Amino acid sequence: MTDALGYRKKFGVLIPSTNTSVQPEFDAMRPEGVTNHISRIRIPNIVLKDDADFERLIELIAAAQIEAVDSVMSCEPDVLVLGISAETFWDGYAASKRLKAELEEYTGLPVAMGSDACQAALGLFGAKRLGVITPYQPVGDRNVVRFFEEAGFEVPHITGLKCPSPVAIAHVGREELRRAAHEVGAHDDVDAVVQVGTNLAMAAAAPDFEAELGKPVLAIYTAIYWDALRRNGIADKVAGFGPLLERH
């Protein structure tokens with residue numbers, strides 16, 4: 001039997017319990033016949049004031065992740081989508097590939113995640129030199145840079161917003177995001193801007209920043225959802241989130 005609403009694909013989506021951006025934005029991007037089924041990785045809204053706090057957050061996410069996977073698997077999804085980006089960049093390129101392989105082996109499902117999605121999207125635009133925006137503490141920024149450099153990119157400019165808690169990431173407004181986009185993107189040595197951190201609400205704003213800068217601006221969860229759709233045979237174009245979903 002085919003699911004009445006998710007008759008094309010059912011996406012099992014993992015997001016931290018503190019994240020308030022991914023669920024509404026993924027639903028806004030959803031084509032007819034595709035359904036999103038959210039499973040929350042249960043973590044506390046801890047204070048993030050330094051690298052040690054941020055490393056603890058990554059540990060808390062890793063410890064709670066399989067429980068969230070097991071929960072969403074009971075609805076029998078077709079694809080596992082990681083609506084979380086920090087862990088997909090953590091410890092570099094090889095660790096990212098290992099995380100994906102482990103989740104695919106555990107679930108038997110294809111896995112869509114931010115690190116892969118960024119590579120695929122940047123490949124479309126031929127971008128190799130990146131300006132990066134994160135909500136992270138410096139240790140998170142270093143892990144993002146490490147991943148991209150090991151994947152064959154350069155990161156000449158990065159801005160970490162150092163958000164004071166996981167929930168506070170979603171409180172960053174459009175103007176602060178615009179300032180960050182121009183800070184990292186308005187340079188001749190940058191081919192594209194990449195925003196990571198799925199709780200930053202940048203998906204709808206990215207097309208405007210792209211027009212202002214005259215170069216691609218990728219919001220991480222737009223890239224993730226695009227990648228999940230395209231790798232799983234869904235070619236529908238979705239308006240409102242920039243050229244990645246509208247034309248590719």
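**Figure 1. Helix H6 lies across three strands of this predicted model.** Start by finding helix H6, which covers residues 138-150. Helix H6 rests across E5, E6 and strand E7 (192-195). Follow the direction of H6 and compare it with E6: the helix runs at about 160° to that strand.

**Figure 2. Four strands make an open sheet.** Reading across the sheet, the order is E6-E5-E7-E8, and the pairing is parallel. Which strands stand at the edges? They are strand E6 (154-160) and strand E8 (217-219). Each has a single partner strand, so one side of each is left without a neighbour in the sheet. On average, and ignoring direction, neighbouring strands here are turned by 20° against each other.

**Figure 3. Strand E5 pairs with E6.** Here you can look at how strand E5 (residues 129-134) is joined to E6: the two run parallel, with five bridges between them. For a landmark, look for Val-132, which stands opposite Ile-158 in E6.

**Figure 4. Helix H9 lies across E7 and E8.** This helix spans residues 220-230. Relative to E8, helix H9 runs at about 75°.

**Figure 5. The largest pocket holds about 200 Å³ of space.** Its lining is made by Ile-58, Ala-62, Glu-87, Trp-90, Asp-91, Ala-95, Arg-98, Leu-99 and Glu-102. Two elements give two or more residues to this lining: helix H2 (51-73) and helix H4 (93-107). Which element gives the most? Helix H4 does, with four residues. Sorted by character, the lining residues of this pocket are five nonpolar and four charged, with no polar ones.

Definitions and conventions. Residues numbered from 1 in each chain as written. Predicted model: local features only at pLDDT ≥ 70, side-chain atom pairs only at ≥ 80, totals over all residues. Heavy atoms only, no water. 1 Å grid on protein atoms, 1.4 Å probe; cavity = no way out; pocket = protein on both sides within 12 Å on 5 of 7 lines; lining within 4 Å. Points joined across faces, edges and corners; volume = space filled by probe spheres on them. Nonpolar A, V, L, I, M, F, W, Y, C, P; charged D, E, K, R; others polar. Pairing = 2+ DSSP bridges. Axes fitted to C-alpha atoms, helices over the stretch in contact; angles between N-to-C directions. Contact = heavy atoms within 4.5 Å.
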